[in-house]
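Visitor: Please walk me through this model. I will ask short things and would like short replies.

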Amino acid sequence: MTSNFHIGFKRACTIIIGAVFFISGLLKLNDPTGTSLIVESYFRFLHVDFLLPLSKSAGLAAGIVESVLGAALVAGLWRKVLAFVTWGVLGVFTILTLVLLVVNPEMSCGCFGEAIPLTHFQSFVKNLVLDALSFAAFIPVNDGTQPRKPKYAAFAAASLAAVALSIYASEFLPLQDFTAYSQGVELEDREFSFRDPSGEYVDSIALEDRKVVISIYSPEDFDAAEWNNAARVVELALSNGIQPMLMMPDTDSCPPEMNEFLYFSDIRTLQTLNRSN
């Protein structure tokens, strides 16, 4: 009885860790752009700005690794190998979240994407709990019983689903938008804050009449054709009695003929707004 209980307890701990990894990975893959922004903030925090061009690839890789690792843990495969892999991954996460807790930068840990925002303290405690569960699950390290063939099939199906999600979300919108600007969400005060060219916050005008927001978070990368597209949207809005609002970060890149529609907002807000629409 004791032996069966011990085996069942170890298995339950493994499943919990695997489920957390799998869900965390899927939430990252659901929103590759949002994940790349989180990875970008980590690169900046660690002062490795030369890695910024790899932000999206690194985010996708992290999501796939977490999903596949989680699926393997839940299926109960390769216990001896995955014990050390799990300890390695959790060790890195624990140290990183401890540093974030001590330094306390204004950035999201990104553990569960936009779906479940955690403070640095909550993220660190979460990793400590997973550390404890991993030791309970894998000590002593052994191969355990051989997994059945259906478990390999379930692992393969879950892994393929994660890869398919990453491909779909990279080409289209997220399956589920967890940002503050998802369709049908009514914004709270100051959730969408912007300024006019004089620097005055004019959030309230978004509630007046009908508006269309054109969000351009990297105007320095726009070419003539893209500015022409933006100008056509402005003209179309005006012809239909809709007031256009051209939102950009602080920049001098806006064509002079569009200055009357120009407003400024935080680049992170604009990036989030863009990937929500």
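Guide: This is a predicted model, where local features need pLDDT of at least 70, side-chain atom pairs count only at pLDDT 80 or more, and totals for chains, interfaces and linings use all residues. Residues are numbered from 1 along each chain as its sequence is written, and side-chain values use heavy atoms, with hydrogens and water left out.

Visitor: Is Asp-223 buried, partly exposed or exposed?
Guide: Buried means under 20% relative accessible area, exposed means over 50%, and partly exposed lies in between (1.4 Å probe, protein chains only). Asp-223 has a relative accessible area of 41%. Asp-223 is therefore partly exposed.

Visitor: Which residues gather with Asp-223 in a patch of negative charge?
Guide: Patch residues have over 30% relative accessible area and no salt bridge; like charges are joined within 9 Å, and nonpolar side chains (Val, Leu, Ile, Met, Phe, Trp, Tyr) within 5 Å. A salt bridge is a side-chain nitrogen of Lys or Arg within 4 Å of a carboxyl oxygen of Asp or Glu. Asp-223 sits in the loop between strand S1 (211-215) and helix H7 (224-239). Its partners in this surface patch are Glu-220, Asp-221 and Glu-226.

Visitor: What pattern does the protein chain follow along the sequence?
Guide: Helices (H or I, at least four residues) and strands (E, at least two) are DSSP runs, numbered from the N terminus. The protein chain has eight helices and three strands. Read along the sequence, the pattern is α-α-α-α-α-α-β-α-β-β-α.

Visitor: How many residues of H2 are buried?
Guide: Helix H2 covers residues 32-45. The buried ones include Leu-37, Ile-38, Val-39, Tyr-42 and Phe-43. H2 is largely enclosed by the rest of the structure, because the buried count is 11 of the 14 residues.

Visitor: What span does H2 reach from its first C-alpha to its last?
Guide: The expected span of a helix is 1.5 Å times one less than its number of residues. H2 has 14 residues, with 20 Å expected. The model is close to that, at 20 Å.

Visitor: Which residue just after H2 takes a positive phi?
Guide: The residue lies in the loop between H2 and helix H3 (55-75). It is exposed, with a relative accessible area of 70%. Its phi is about 60° although it is not a glycine. The residue is His-47.

Visitor: What phi does Gly-76 take?
Guide: Gly-76 comes just after H3. H3 has 21 residues and reaches 30 Å, close to the 30 Å expected. The phi of Gly-76 is positive, at about 80°.

Visitor: Which helix gives the most to the nonpolar patch?
Guide: The patch on the surface includes Ile-95, Val-99, Phe-121 and Val-129, and its residues together have about 770 Å² of accessible area (Shrake-Rupley method, 1.4 Å probe). Helix H4 (79-103) and H5 each supply at least two residues. With six residues, the top contributor is H4.

Visitor: Is Val-99 buried, partly exposed or exposed?
Guide: Val-99 lies in helix H4. Its relative accessibility is 33%. Val-99 therefore counts as partly exposed.

Visitor: Which residues of H5 are buried?
Guide: Helix H5 runs over residues 120-138 and reaches 27 Å, close to the 27 Å expected. Its buried residues are His-120, Ser-123, Phe-124, Lys-126, Asn-127, Leu-130, Asp-131, Leu-133, Ser-134, Ala-137 and Phe-138.

Notes
Lys, Arg positive; Asp, Glu negative; His and termini not counted. Charge placed at Lys NZ, Arg CZ, Asp CG, Glu CD.
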